[in-house]
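User: I am new to this structure and should like to understand the terms used for it. Please explain each description by its definition.

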Amino acid sequence: QVQLVESGGGLVQAGGSLRLSCAASGRIPNTYVLGWFRQAPGTEREFVAGIYWNGGGTTYADSMKARFTISRDNAKNTVYLQMNSLKPEDTAVYYCAARARWVTAYAYWGQGTQVTVSS
């Protein structure tokens with residue numbers, strides 16, 4: 001069982017930066033992928049970025065690849081999302097999730113952290 005807790009959200013002005021953290025309790029298997037998603041009001045949840053727990057390979061949504069960076073610290077059981085040059089349209093609840101690499105559905109989800117970007 002993997003439990004995920006996000007932190008680091010808040011209010012930031014357009015052009016600013018935030019770093020989100022996702023702390024996992026319980027051992028994360030080496031075969032897992034950790035991902036970040038976001039959901040703005042009235043929209044569907046969308047994929048932001050993912051990282052392989054073993055090896056660190058990354059994937060990004062095309063629209064966010066230039067400004068967002070996902071990373072991990074295996075020793076701290078933590079995944080990060082560095083967000084730069086934030087725009088008001090980045091306002092959303094950001095979720096951390098985990099899945100086994102051989103499935104497409106994420107099985108474990110955090111409670112989310114709110115990011116609000118003011119213009």
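Analyst: The discussion below takes the terms one by one and sets values against definitions.

User: How should the values be read?

Analyst: This is a predicted model, in which local features need pLDDT of at least 70 and side-chain atom pairs count only at pLDDT 80 or more, while totals for chains, interfaces and linings use all residues. Residues are numbered from 1 along each chain as its sequence is written, and side-chain values use heavy atoms, with hydrogens and water left out.

User: How many helices and strands does the protein have?

Analyst: The protein has eleven strands and zero helices. Helices (H or I, at least four residues) and strands (E, at least two) are DSSP runs numbered from the N terminus. Along the sequence the pattern reads β-β-β-β-β-β-β-β-β-β-β.

User: What makes the radius of gyration agree with that of a compact globule?

Analyst: The radius is taken over C-alpha atoms, and the globule rule is 2.2 Å times the number of residues to the power 0.38. For 119 residues a compact globule would have a radius near 14 Å; the protein has 13 Å, and therefore the two agree. Along the principal axes, the C-alpha atoms fill a box of roughly 40 × 30 × 25 Å.

User: What share of the residues is buried, and what area is exposed?

Analyst: Buried means under 20% relative accessible area, exposed over 50%, and partly exposed in between, with a 1.4 Å probe and protein chains only. Of the 119 residues, 46% are buried. The protein exposes about 6,100 Å², of which carbon and sulfur atoms supply 47%.

User: Why is Leu-4 called buried?

Analyst: Leu-4 has 5% relative accessibility, so this residue counts as buried. Leu-4 is found in strand E1. Contact means heavy atoms within 4.5 Å; leaving aside neighbours within four places in sequence, Leu-4 is in contact with residues including Cys-22, Leu-34, Cys-96 and Trp-109.

User: Why is the pair of Glu-46 and Arg-38 called a salt bridge?

Analyst: A salt bridge is a side-chain nitrogen of Lys or Arg within 4 Å of a carboxyl oxygen of Asp or Glu. The side chains of Glu-46 and Arg-38 meet at 2.6 Å, N to O, so the pair satisfies that definition. Glu-46 counts as partly exposed at 33% relative accessibility, whereas Arg-38 is buried with a relative accessible area of 8%.

User: Which other salt bridge does Arg-38 form?

Analyst: Arg-38 also forms a salt bridge with Asp-90, the closest N and O atoms being 2.9 Å apart. This pair links distant parts of the chain: Arg-38 lies in strand E4 (residues 32–39) and Asp-90 in the loop between strand E8 (78–83) and strand E9 (92–100), 52 residues apart. Asp-90 has 1% relative accessibility and therefore counts as buried.

User: What makes Arg-38, Glu-46, Arg-67 and Asp-90 one network?

Analyst: The side chains of Asp-90 and Arg-67 meet in a salt bridge at 2.7 Å, N to O. Asp-90 lies in the loop between E8 and E9 and Arg-67 in the loop between strand E6 (58–60) and strand E7 (68–73), so the pair ties together parts 23 residues apart in sequence. Arg-67 counts as buried, at 14% relative accessibility. Salt bridges that share partners join Arg-38, Glu-46, Arg-67 and Asp-90 into one network. The structure holds three salt bridges.

User: How do you know that Glu-6 has no salt bridge?

Analyst: Lys and Arg count as positive and Asp and Glu as negative, while His and the chain ends are not counted. The nearest side chain of opposite charge to the buried Glu-6 is Arg-45, 7.9 Å away, and Glu-6 has no salt bridge.

User: What does the side chain of Glu-6 reach instead?

Analyst: The side chain of Glu-6 reaches the backbone nitrogen of Gly-112 at 2.9 Å. A polar atom of that side chain also lies 2.7 Å from the backbone nitrogen of Cys-96. Glu-6 itself is placed in strand E1 (residues 3–7).

User: What is notable about the phi of Asn-77 and of Ser-85?

Analyst: Most residues other than glycine have a negative phi. Asn-77, although not a glycine, has a positive phi of about 55 degrees, and Ser-85, also not a glycine, has a positive phi of about 50 degrees. Asn-77 is found in the loop between E7 and E8, and Ser-85 in the loop between E8 and E9.

User: Are Asn-77 and Ser-85 buried or partly exposed?

Analyst: Asn-77 has a relative accessible area of 19% and is therefore buried. Ser-85 has 41% and is therefore partly exposed.

Methods:
A polar contact is a pair of N or O atoms within 3.5 Å; within protein, one must be able to donate a hydrogen and the other to accept it, and residues adjacent in sequence count only if both atoms are side-chain atoms. Accessible areas come from the Shrake-Rupley method with a 1.4 Å probe; for residues, only the protein chains shown count as cover.
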